[in-house]
Amino acid sequence: VELDAATIQHLHETTLQVQQRFHEAVSLSSEFLPSSIRIKPRSLQSLHMTLFFGGETIFALPVNELQSWYKSVSKRLGAAGFGRSAGNVDTDFAFQLREIRVFPPRHNNLLVAILEAAPGWHQLHNDLREMARESGSLGLQDTVRYGKNEWIAHITLANLIGPKKKNRAQTEVLQKILSDVKLKSEPVYPSGIAMGGPIPEQIELN
């Protein structure tokens, strides 16, 4: 999902501020050593939101399956308003920035921005999964089978580098810093949807 450059820049700069505040807090207390957590921000250019993850499956589909999938996805996105002139996407496809938090549960090795997605996004995600499930393509069906049923709109901002068992005091400091983060409150609208990752070479598509 393509978001405006100002929103992406805002999230990146906020991540750098969190990194600085956390580094300063850690450097002031010896109890955080020697197993200190490090925050490693992702590059601005790499920040993205994934709606449907196909992995390398789409890259390896037979030509007939790729063409069929492409037509189905194009039709569904067109019905949602994507592909029309800018500004004509339905307002049901808005986002609201909610928080930056440690993610995913149990692993807790990333910092992500969580966005509240309007209902249209969840319907679109579910429809794409259902289309893949009913496509007759074993590759696409496997993608759905091993993927997550629930879509959480998020953008990965940074990696948390350090021991698997995190220092409790450090974790509490980081959580406090994250709870103080103020994200912009106005709605965020997409500029479009694009394919990321490897480009299929089986046949030339738009």
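A residue counts as buried when its relative accessible area is under 20%. Phe-93 has a relative accessible area of 6%, so Phe-93 is buried. Keep that cut-off in mind for what follows. The model shown here is predicted.

Start with the whole chain. The protein chain has 206 residues, and 36% of them count as buried. The C-alpha trace spans about 60 × 35 × 25 Å along its principal axes. Six helices and four strands make up the list of elements. Read from the N terminus, their order is α-β-α-α-β-β-α-α-β-α. Contacts often reach far along the sequence. Take those between residues at least 6 apart: 81% of them join residues at least 24 apart.

Now go inside. In soluble globular proteins, nonpolar side chains tend to be buried together. The largest nonpolar core here has 47 residues. Leu-3, Met-49, Phe-95, Leu-115, Trp-121 and Ile-155 have the most contacts inside this core. Many elements take part. At least two core residues come from each of H1 (5–27), H3, S2, S3 (110–117), H4, H5 (138–145), S4 (154–161) and H6. Helix H1 gives the most, with five residues.

Leu-3 offers a good view of this core. Set aside its neighbours within four places in sequence. Leu-3 then touches Ile-8, Met-49, Phe-95, Leu-115 and Ile-155. Val-188 and Pro-190 are also in contact with Leu-3.

Next, look at the aromatic rings. The structure holds seven aromatic pairs. One of them joins Phe-82 and Phe-93. Their ring centres are 5.4 Å apart and their planes stand at 80°, so this pair is edge-to-face. Both residues sit in the loop between helix H3 (63–79) and strand S2 (95–103), 11 residues apart. Phe-82, at 9% relative accessibility, counts as buried.

Phe-82 has another ring partner, Trp-121. Here the centres are 5.6 Å apart and the planes lie at 45°, so the pair is tilted. Trp-121 belongs to helix H4 (residues 119–133), while Phe-82 lies in the loop between H3 and S2, so the pair ties together parts that are 39 residues apart in sequence. Phe-82 and Trp-121 are both buried. The ring pairs go on to form a cluster. Phe-82, Phe-93, Phe-95, Trp-121 and Trp-151 are linked in this way. Phe-95 and Trp-121 appeared earlier, among the residues with the most contacts inside the largest core.

Turn to a pair of helices. Two packed helices are described by the angle between their axes and the distance between the axes. For H1 and H6, the axes come within 10 Å and cross at roughly 145°. The crossing is right-handed. From H1, the contact uses Val-18, Arg-21, Phe-22 and Ala-25. From H6, the contact uses Gln-170, Val-173, Leu-174, Ile-177 and Leu-178. Sorted by class, the contact has seven nonpolar, one polar and one charged residues.

Finish beyond H6, with Ile-199. Where does Ile-199 lie? Ile-199 is in the segment after helix H6 (168–179). Is Ile-199 buried or exposed? The cut-off for exposed is over 50%. Ile-199 has a relative accessible area of 53%, so Ile-199 is exposed. Its C-alpha atom is separated from that of Ile-58 by 8.7 Å, although the two residues are 141 apart along the chain.

Note on methods: Residues are numbered from 1 along each chain as its sequence is written. This is a predicted model: local features need pLDDT of at least 70, side-chain atom pairs count only at pLDDT 80 or more; totals for chains, interfaces and linings use all residues. Side-chain values use heavy atoms; hydrogens and water are left out. Buried means under 20% relative accessible area, exposed over 50%, partly exposed in between (1.4 Å probe, protein chains only). Rings of Phe, Tyr and Trp (its six-membered ring) pair if their centres lie within 6.5 Å; planes under 30 degrees apart count as stacked, over 60 as edge-to-face and the rest as tilted. A nonpolar core is a set of buried Ala, Val, Leu, Ile, Met, Phe, Trp, Tyr and Cys residues joined through side-chain atoms within 4.5 Å. Contact means heavy atoms within 4.5 Å. Axes are lines fitted to C-alpha atoms, for helices over the stretch in contact, and angles run from 0 to 180 degrees between N-to-C directions. A crossing is left-handed if the near helix is turned anticlockwise from the far one by less than a right angle, and right-handed if clockwise. Ala, Val, Leu, Ile, Met, Phe, Trp, Tyr, Cys and Pro count as nonpolar, Asp, Glu, Lys and Arg as charged, and the others, Gly among them, as polar.
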